[in-house]
Amino acid sequence: MSTNKKIDGRSSGKDADQPLPAEQNDQTAPVIDVEGARKEKKSDRHQPTRRVIVAEDEPLIRLDIVETLRDGGIDVIGEASNGEEAIALATELRPDVVVMDVKMPVMDGITAADHLISERICGVVMLTAYSQKELVDQAREAGAMAYVIKPFEPYELLPAVEIAISRTQERQTLEKELETLADQFETRKLVDRAKGLLQTKMGLSEPEAFRWIQKTSMDRRLTMREVAEAVISQIGGRKGRK
């Protein structure tokens with residue numbers, strides 16, 4: 001995003017001599033609170049209630065799933081009988097996980113799971129009465145974090161829900177980190193381009209160009225990316241100094 005604030009690179013001669021902050025060479029190893037791990041473990045006992053939607057076309061099986069989840073301390077916030085209903089409910093209610101059968105009318109569970117996960121709505125646990133490798137592979141390709149073979153026991157379903165929630169949270173954290181890294185990389189490219197323009201068209205050295213961008217960023221309360229974009233916008237089309 002370009003900024004419309006005008007920046008005059010030609011007035012940078014004096015500013016370019018501003019020294020950079022001295023680097024800190026602290027070799028002291030960080031102190032880690034090992035006891036924090038024990039506290040973290042204790043805090044896990046007070047986790048917020050898990051919110052789940054159940055999608056199953058057979059009413060009796062759906063009731064059994066709902067009761068199993070509720071007996072395990074999980075809040076079932078919605079029920080659906082097909083994939084389309086599951087998507088609509090999940091989009092509205094934003095559960096932690098949808099527990100969903102593979103075979104359902106209108107829209108099957110694998111198609112619905114693919115939509116829920118690609119749109120980053122929630123995690124998915126797949127339920128199936130079939131143990132064929134093909135269905136399991138399709139569920140994994142759709143992004144399902146766990147699957148359970150019917151008929152199941154509570155000790156099989158409840159951990160699968162927890163695994164799906166944990167994996168969904170991990171994926172979301174990684175995606176945010178990747179977005180941050182991508183933004184940092186783009187900023188670096190823009191700053192390098194702006195430095196090159198200040199060198200070729202304003203007669204600054206590379207260190208002077210960087211210091212000018214850095215100081216202008218602080219003086220104008222802009223990010224270095226905004227300053228770089230302004231430089232590129234304002235002097236990118238000018239002819240270089242002779």
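**Exercise 1.** Which residue follows H4, and what is the sign of its phi?

*Solution.* In this predicted model, H4 is followed by Arg94, whose phi is positive, near 50 degrees. Turning to the other end of the helix, at the start of H4 a side-chain oxygen of Asn82 comes to within 3.0 Å of the backbone nitrogen of Glu84.

**Exercise 2.** Work out in what order the strands of the open sheet are arranged, and which of them are the edge strands.

*Solution.* Begin with the order, which for the five strands of this open sheet is S2-S1-S3-S4-S5, with parallel pairing. Next look for strands that pair on one side only, and these are strand S2 (75-80) and strand S5 (146-149), the edge strands. Neighbouring strands of the sheet are turned against each other by 20 degrees on average, direction ignored. As one pair to examine, take S3 (residues 97-101) and S4 (residues 123-128), which are joined in the parallel sense over five bridges; here Val98 stands opposite Val124 in S4.

**Exercise 3.** Determine which residues of H4 are buried, and why they lie on the same side of the helix.

*Solution.* First place the helix: H4 (residues 83-93) packs on the sheet, where it touches S1, S2 and S3, and its direction makes about 140 degrees with that of S2. Then list its buried residues, which are Gly83, Ala86, Ile87 and Ala90. Because they cover an arc of only 100 degrees around the axis, they are on the same side of H4. Finally, ask what these buried residues pack against: the partners are S1, S2, S3 and helix H5 (109-118).

Conventions: Residues numbered from 1 in each chain as written. Predicted model: local features only at pLDDT ≥ 70, side-chain atom pairs only at ≥ 80, totals over all residues. Heavy atoms only, no water. Pairing = 2+ DSSP bridges. Helix = DSSP H or I, 4+ residues; strand = E, 2+ residues; numbered from the N terminus. Axes fitted to C-alpha atoms, helices over the stretch in contact; angles between N-to-C directions. Contact = heavy atoms within 4.5 Å. Buried < 20%, exposed > 50% of the residue type's maximum accessible area, 1.4 Å probe, protein only. Arc of directions from axis to C-beta. Polar contact = N/O pair within 3.5 Å; in protein donor to acceptor, adjacent residues only side chain to side chain.
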